[in-house]
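Student: I would like to understand how the terms used for a protein fold are justified. Could we take them one at a time, with the reason for each?

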Amino acid sequence: MRHPTRAGVREAAAKVAAILPPTPIFVRSIRGTDVVFKAESLQPIGAFKIRGAWHRLTELGTEARARGVVAFSSGNHAQGVAWAARRLGMPATIVMPSDAPRAKRDATLALGAEVVDYDRATESRETIAARLAEARGATLVPSFDDPWIIEGQGSTGIEAAAQMAAAGLGTPMHVVIPCGGGGLAAGIALALKDAAITVVEPEGWDDMRRSLEASWIEPVGDDPPPTACDALQTTIVSPLTFDVLSRRDATGVAVGEAEVRAAQRWAAEQLRLVVEPGGAVALAAVLGGKVPVAPGMLVVLSGGNVDMDAYAKAIGA
């Protein structure tokens with residue numbers, strides 16, 4: 001099996017830079033220390049997933065592109081794959097949970113992808129997607145268990161480090177990152193080899209945190225609690241992402257739903273940004289004191305795709 005590499009991350013970063021402007025960084029003081037925020041919520045599809053999708057799909061040959069791709073996602077990876085497929089003239093099919101946020105489903109359809117529903121409580125999205133891909137001769141594009149996807153997401157770190165250097169903000173010393181399957185965190189860990197890495201997950205869904213502490217992969221337990229962080233409801237991480245983060249001595253923390261809502265409100269008030277629940281967990285951990293603030297801290301705001309009624313309720317609007 002091919003493994004993601006730092007060289008691959010740099011190649012992905014060059015690809016992404018050729019088609020997309022960098023997402024902005026913001027600096028705000030938290031408890032007297034400047035913290036840098038990377039606004040991946042401002043990507044064309046509203047999330048960082050566009051990076052990995054572009055890197056993965058551009059690696060496919062002519063015949064594979066003609067047969068198309070199949071992916072599974074609650075919405076952000078779905079949109080990334082759909083966006084990249086449309087730009088490359090490829091058919092795309094996305095397996096999405098029936099309870100996915102309507103805004104994410106509608107955006108995926110608007111990008112020209114076919115959507116296949118499944119019940120996340122009783123069906124396996126991986127199995128459904130694999131069967132579809134086999135039947136159609138299409139390429140399966142996982143949301144995080146893929147070396148090209150990991151490398152593509154890591155371009156976030158390359159881009160942020162260059163922006164910080166250009167702004168005289170030094171180098172990233174500690175990166176705090178939302179984590180579902182760990183593709184973004186693993187990619188950034190490869191990109192920024194000297195930075196400390198902390199992954200953040202919703203309480204009850206913190207399988208990467210527990211896996212890193214145990215030194216082996218631990219799945220999410222039975223009957224995990226409900227969470228607004230739909231993008232982070234991954235029941236087990238992959239060996240690829242776990243291996244990268246484990247080798248980098250990454251650490252993990254979990255945040256509660258009230259902390260996530262408070263972070264969404266803070267992002268709206270202080271950064272004028274709409275951030276989805278899953279995209280706000282890293283900020284929630286920093287605001288809540290679960291990750292100590294220190295110079296050189298970079299916090300990733302990974303997505304901004306929200307149901308507006310739910311968002312208004314979350315921030316008390």
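Student: What makes β3 and β6 a pair of strands?

Tutor: In this predicted model, strand β3, residues 69-72, is joined to β6 by three bridges, and the two run parallel. Two strands pair if DSSP finds at least two bridges between them, and three bridges are found here, so β3 and β6 count as paired. One place to look is Val69, which stands opposite Thr139 in β6.

Student: Why are β5 and β6 called edge strands?

Tutor: The open sheet to which they belong has four strands in the order β5-β4-β3-β6, with parallel pairing. Strands β5 (114-118) and β6 (139-141) each pair on one side only, and they are the edge strands. From one strand to the next, the twist averages 25°.

Student: How do you know that helix α5 packs on this sheet, and what is its direction relative to β4?

Tutor: Helix α5, residues 102-110, touches β4 (92-97) and β5, where contact means heavy atoms within 4.5 Å. Its direction makes about 170° with that of β4; angles run from 0 to 180 degrees between N-to-C directions, so the value for α5 and β4 lies towards the upper end of that range.

Student: What is the strand order in the sheet of six strands, and why is one side of β1 and of β9 left without a neighbour?

Tutor: That open sheet has the order β1-β2-β10-β7-β8-β9, and its pairing is mixed. Strands β1 (25-30) and β9 (251-255) stand at the edges with a single partner strand each, so one side of each has no neighbour in the sheet.

Student: What makes β7 and β10 partners in it?

Tutor: Strands β7 (residues 174-178) and β10 (residues 297-301) pair in the parallel sense over three bridges, and because at least two bridges are required, they meet the condition. Within this pairing, the bridge partner of Val175 is Leu298 in β10. Helix α8, residues 183-191, packs on the sheet and touches β7, β8 (196-202) and β10.

Student: Which residues lie nearest the centre of the largest pocket, and how do the residues of its lining divide?

Tutor: The largest pocket has a volume of about 870 Å³, and among the 48 residues that line it, Arg125, Phe144, Gln233, Thr234 and Thr235 lie nearest its centre. The lining divides into 20 nonpolar, 20 polar and eight charged residues.

Methods. Residues numbered from 1 in each chain as written. Predicted model: local features only at pLDDT ≥ 70, side-chain atom pairs only at ≥ 80, totals over all residues. Heavy atoms only, no water. 1 Å grid on protein atoms, 1.4 Å probe; cavity = no way out; pocket = protein on both sides within 12 Å on 5 of 7 lines; lining within 4 Å. Points joined across faces, edges and corners; volume = space filled by probe spheres on them. Nonpolar A, V, L, I, M, F, W, Y, C, P; charged D, E, K, R; others polar.
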